[in-house]
Amino acid sequence: MALILGIESSCDDMAAAVVRDGTQVLASVVHSQDAVHAPYGGVVPELASRDHVRNVHAVTARALAGADVAVEDVDAVAVTSGPGLIGSLLVGVSFGKALAYRIGRPLIGVHHIEGHLASARIGENPLELPYLGLVVSGGHTAAYHVEDLGRIELLGQTRDDAAGEAFDKVAKRMGLGYPGGREIDERARDGRRDAYAFPRPMLAEPGLEFSFSGLKTAVALEIARCEQRGGGRLSPADVADLAASFQEAVADVIVGKAHRALDRTGLRRLALVGGLAANSRLRERVAQLADELGLEVRLPPLRLCTDNAAMIAAVADGMLAAGRTADLELEAFSRVPVGARAGEGTAWSR
Ligand code: KG4
Ligand code: ZN
């Protein structure tokens, strides 16, 4: 039970937060780089790292000021050490180290996905353990059995694209703004979910793995057909129908796999986390599933769904209590499995 400063810079958001006792968010600041990457229609890693270097201090200072906390008052500095874009991670890790060294407090390296999974336990009504955690974001799509924040088992993940990646690419192909997930969500409101019968990848297969690359291609082909019919252009109605039908296919797969994971594990609690947990239709469908099955469900508020540092500080609270602190040799890893401990190196990559 501690006061923790969290720093998150694994991709294109620079975030800092001050969290008390793992649940009470005193301040959470997120500096978005959407304007930096919008002209390219996707994250440009080098530009992301450079923007982090510019902003890491100001964002951290704003979080401390917002919490009305002096940096010397925090019990530990927590920083995302992986997975993510290596250049982006290194900025937060280096800054976090320097800060921990300067105030003489422990440094804690936090796994980004453990952070997303913890977002269901932040606030006044934390989801009790154990639960099924569905992480659906721009970089990840996976189901986890969360026994405890320090004991998490991967049940299945995507074999290719993450669901958010498919949203962003479909949006880009339709000429919508960046990042595309939110745009698809908006356009889909006026569309027909059954306008196109897109595939539901791997839904019929017995496992808990996902795949979204084939769906993305199927949607791209349909977009091309629509464009051809429209003399090279998509009408707003086409965009709405394509968005709604695509979104429904993704929701069907995620809800179907969640159902299967619940059956298989016997879990009675469910958390939908990660950037796509901000999707209005997916939230609706997951809430429906929970209703049907009588489950307890958490759909964290939108600010906790997309990347943020409160979730990183929340995980670090338990790690600090368990003595799982890092030293100043902490490294950043672009790929590292959930639950991995230093020294277990095989599946790690720098
Ligand atoms: O968790 P996140 O902020 O970053 C990763 O760790 O990946 O997730 C970002 C992803 C992006 O793909 C973005 O397009 C998507 O979340 N996203 C949405 C919505 N809001 C954000 N996708 C669908 N509907 C939304 N409302
Ligand atoms: Zn994330």
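Welcome! Start by selecting Gly-275 and ligand 1: a polar backbone atom of Gly-275 sits 3.0 Å from an oxygen atom of the ligand. Keep in mind as you look around that this is a predicted model.

Stay with ligand 1 and pick Gly-181, where a backbone N or O atom is 3.1 Å from a ligand oxygen atom. Then click on Ala-278; here a backbone N or O atom lies 3.4 Å from a nitrogen atom of ligand 1. How much of ligand 1 does the protein bury? Taken alone, the ligand exposes 550 Å², and the protein buries 89% of that.

Now show the whole shell around ligand 1. It has 19 residues, and the closest are Gly-138, Gly-139, Asp-168, Asp-185 and Gly-275. Colour the shell by residue type and you will find four nonpolar, eleven polar and four charged residues. Next, highlight the helices α4 (112-118), α5 (163-173) and α6 (180-188), since each supplies at least two residues of this shell.

Zoom out and colour the domains. Domain 1 (3-119 + 304-321) and domain 2 (130-299) both give residues to the shell, so ligand 1 lies between them.

For the last stop, select Leu-289 in helix α9 (residues 280-293). Is Leu-289 buried or exposed? Its relative accessibility is 4%, which is under the 20% cut-off, so Leu-289 counts as buried. Beyond its neighbours within four places in sequence, show what Leu-289 is in contact with: Val-255, Ala-258, His-259, Leu-262 and Leu-270. Finally, draw a distance from Leu-289 to Lys-169: the two are 120 residues apart along the chain, and their C-alpha atoms are separated by 27 Å.

Key. Residues are numbered from 1 along each chain as its sequence is written. Chains are lettered from A and ligands numbered from 1 in the order in which they are written. This is a predicted model: local features need pLDDT of at least 70, side-chain atom pairs count only at pLDDT 80 or more; totals for chains, interfaces and linings use all residues. Side-chain values use heavy atoms; hydrogens and water are left out. A residue is near a molecule or strand if one of its heavy atoms lies within 4 Å of it. A polar contact is a pair of N or O atoms within 3.5 Å; within protein, one must be able to donate a hydrogen and the other to accept it, and residues adjacent in sequence count only if both atoms are side-chain atoms. Accessible areas come from the Shrake-Rupley method with a 1.4 Å probe; for residues, only the protein chains shown count as cover. Helices (H or I, at least four residues) and strands (E, at least two) are DSSP runs, numbered from the N terminus. Ala, Val, Leu, Ile, Met, Phe, Trp, Tyr, Cys and Pro count as nonpolar, Asp, Glu, Lys and Arg as charged, and the others, Gly among them, as polar. Domain bounds come from an automatic or database domain assignment. Buried means under 20% relative accessible area, exposed over 50%, partly exposed in between (1.4 Å probe, protein chains only). Contact means heavy atoms within 4.5 Å.
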